[in-house]
Amino acid sequence: MGFPDGFLWGASTSSYQVEGGNDNSAFVDWERRRRWQPCGTAADSWNRWREDLACLKELGANTYRFSVEWSRVQPTPMEFDESALERYAEMARAFKEAGIRPIICLHHFSEPAWLFERWPRGWMESGPADAFIQFADRVIRACRNDVSDWISFNEPMVWLLNAYALGHFPPGFHKIVTLERTFVQGGLIEHVLRAHREVHRMVHADIKGARVGIAQNVVDLEPARQGAADLEALGRWDHFMHRHMLDLANSAQTLDFIGLNYYTRIYVAKAWIPFFPLGVVPAYAELKQIVGELGMKLLGGRVGNRVRTDMDWEIVPEGLGRVALSLSKRYQLPILVTENGLADTSGNGREAFLKSHLSSLQSAIDDGAHVTGYLHWSLLDNFEWGSYRPRFGLYRVDRTNGFKRTKSSGADYFKKVIKNGAVP
Ligand code: FCB
């Protein structure tokens with residue numbers, strides 16, 4: 001059996017990670033202060049997007065997901081850059097004319113620096129949502145002739161967690177101890193959902209047959225130990241990170257599809273230390289980096305023993321099918337895989353990764369999951385939030401040699417999959 005007719009095949013990128021020159025993003029100062037590697041010129045896609053289009057054509061892709069950089073379109077609170085909007089519209093038009101369906105994501109982590117000058121508490125206040133809606137309105141109007149698929153927010157929970165709980169993204173709040181209070185009662189989730197609902201309304205008011213979704217990062221979860229305690233902890237984490245926002249957006253009838261970003265699995269344990277958020281130890285690789293192997297053991301967190309990517313994320317292909325099937329059943333909405341991939345410096349792992357994950361997706365479809373497409377993360381090597389070391393690209397980018405794009409062996413394999421509409 002193959003993938004369904006009309007299946008969307010392609011890749012994803014985000015503006016800040018590939019465009020380069022986004023000097024008005026809040027991340028620029030952040031990189032200086034946190035001593036991150038600066039993003040700088042990235043893959044120079046702002047100037048080389050036609051080369052990116054050529055890569056997609058070479059793959060035989062029919063879909064491309066990219067994002068529009070808020071800080072570029074609105075460099076100051078009072079000013080919209082019409083030429084930047086026109087460039088995005090031109091890109092969308094060119095992709096469409098080449099038979100590649102453009103999917104625009106409006107918010108992919110990066111925000112203008114002025115947002116936090118104006119609202120130092122960020123999205124804990126309601127102003128940023130209003131500002132974002134104005135920005136979204138301009139983008140929708142600029143691109144409405146060529147774009148019918150829209151993503152309001154990329155991984156809203158991952159973004160909010162990093163920016164307001166872990167202090168890892170701007171504006172850098174550390175509110176992990178009061179996680180639920182800040183996110184639910186404190187208004188963060190509510191403000192983001194208000195902006196999402198408005199994007200859904202504006203897109204549908206302007207574009208016939210449009211589709212609007214949220215790209216949600218969903219991790220395959222397993223209880224650390226048998227028994228009710230860890231299972232309950234797992235349920236709390238699953239609800240908070242995966243379902244809470246989607247449930248609310250769905251019951252307001254503002255979701256036309258669900259974007260699924262899938263990378264790995266984690267084990268979840270009940271926490272015995274009182275201040276752990278939601279009483280849960282979610283054993284992410286990132287948590288292990290902070291507390292160390294011993295710390296993780298002391299906390300009761302369990303770490304899996306599969307092969308890991310360069311991000312230290314466990315490779316668990318069957319999780320993709322599992323998660324796709326469960327989302328499809330729960331929401332009865334089309335599922336579009338909007339991100340899935342690996343950081344692989346060796347260049348040898350992408351083919352096997354694609355093969356195993358796509359086989360898992362195929363099985364989920366055979367079991368009744370309504371999956372409409374698969375977009376690999378990423379088309380290009382790019383800036384992985386603080387570093388260029390992780391290499392996620394189907395195409396390598398040589399930043400020391402004119403940003404030359406070179407096909408990886410994974411790209412050749414993906415091309416075969418797309419051509420056959422099946423996993424060879
Ligand atoms: C996702 C992000 C994307 C990229 C990949 C590796 O969480 O949406 O920007 O960083 O992880």
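Which residues lie nearest the centre of the largest cavity? That is where I would like to begin, and before answering I should say that what we are looking at is a predicted model. The residues nearest the centre of that cavity are V18, E19, S45, Y64 and M91, and they belong to a lining of 14 residues. The elements that give two or more residues to this lining are α1, which runs over 15–18, α3 at 45–59, β2 at 63–67 and α5 at 82–97. Of these, α3 has the largest share, with 4 residues. The volume of the largest cavity comes to about 90 Å³, and its lining is made up, by class, of 7 nonpolar, 5 polar and 2 charged residues.

A search of the whole structure finds 2 cavities of 30 Å³ or more, and the second largest of them holds about 40 Å³ of space. Around the second largest cavity we find S15, S67, V68, E69, W70, L106, H107, H108 and S110, and these lining residues divide into 3 nonpolar, 5 polar and 1 charged.

Let me now turn to α3 itself. If a helix of 15 residues were straight, it would span 21 Å at 1.5 Å a residue, whereas α3 spans only 18 Å between its end C-alpha atoms. Looking along α3, we also come to a kink of about 35 degrees, which is centred on E51. The buried residues in α3 are S45, W46, W49, D52, L53, C55, L56 and L59, and S45 is one that we have already met close to the centre of the largest cavity, among the residues that lie nearest to it. Just after α3 comes G60, where phi is positive, at about 80 degrees.

For comparison, please look next at α10, which covers residues 188–206. Its 19 residues should span 27 Å at 1.5 Å a residue, and because the end C-alpha atoms of α10 are 28 Å apart, the expected and computed spans agree. Buried residues in α10 include L188, I189, H191, V192, L193, A195 and H196, and further along the helix V199, H200, M202 and V203.

Is H196, in the middle of that list, buried or exposed? With a relative accessible area of 0%, H196 is buried, because the cut-off for that word is anything under 20%. If we leave aside its neighbours within four places in sequence, H196 is in contact with S152, F153, V212, G213, I214, A249, T254 and L255.

A second residue with this kind of setting is L380, which is found in the loop between β11, at 371–377, and β12, at 395–398. L380 has a relative accessibility of 0%, and therefore it counts as buried. Apart from neighbours within four places in sequence, L380 is in contact with V18, A43, S45, D52, F392, G393, L394, Y395, V397 and R405. Two of those names, V18 and S45, have come up before, as residues that lie nearest the centre of the largest cavity.

The loop that holds L380 is also the place of S378, and the peptide bond from W377 to S378 is cis, with omega near 15 degrees. Another cis peptide bond joins P170 and P171, with omega about 5 degrees, and P171 has its place in the loop between α8, at 156–165, and α9, at 179–185.

Let me move on to the second largest pocket, which has a volume of about 280 Å³. Its lining has 13 residues, of which V218, D238, R322, V323 and S326 lie nearest the centre. At least two lining residues are supplied by each of β6 at 220–223, α11 at 228–251 and α13 at 317–331, and α13 gives the most, with 5 residues. By class, this lining divides into 6 nonpolar, 2 polar and 5 charged residues.

I will finish with two glutamines in loops. Q253, in the loop between α11 and β7, has a positive phi near 55 degrees, in a residue other than glycine. Q332, in the loop between α13 and β10, likewise has a positive phi of about 55 degrees although it is not a glycine. Since Q253 has a relative accessibility of 67%, it counts as exposed, and Q332 is exposed too, with a relative accessible area of 66%.

Definitions and conventions: Residues are numbered from 1 along each chain as its sequence is written. This is a predicted model: local features need pLDDT of at least 70, side-chain atom pairs count only at pLDDT 80 or more; totals for chains, interfaces and linings use all residues. Side-chain values use heavy atoms; hydrogens and water are left out. On a 1 Å grid over the protein atoms alone, a cavity is a set of points where a 1.4 Å probe fits but cannot get out, and a pocket is an open set with protein on both sides within 12 Å along at least five of seven lines; lining residues have an atom within 4 Å of a point. Grid points are joined across faces, edges and corners, and a volume is the space filled by probe spheres set on the points. Ala, Val, Leu, Ile, Met, Phe, Trp, Tyr, Cys and Pro count as nonpolar, Asp, Glu, Lys and Arg as charged, and the others, Gly among them, as polar. The expected span of a helix is 1.5 Å times one less than its number of residues. The bend at a residue is the angle between axes fitted to the seven residues ending there and the seven starting there. Buried means under 20% relative accessible area, exposed over 50%, partly exposed in between (1.4 Å probe, protein chains only). Contact means heavy atoms within 4.5 Å.
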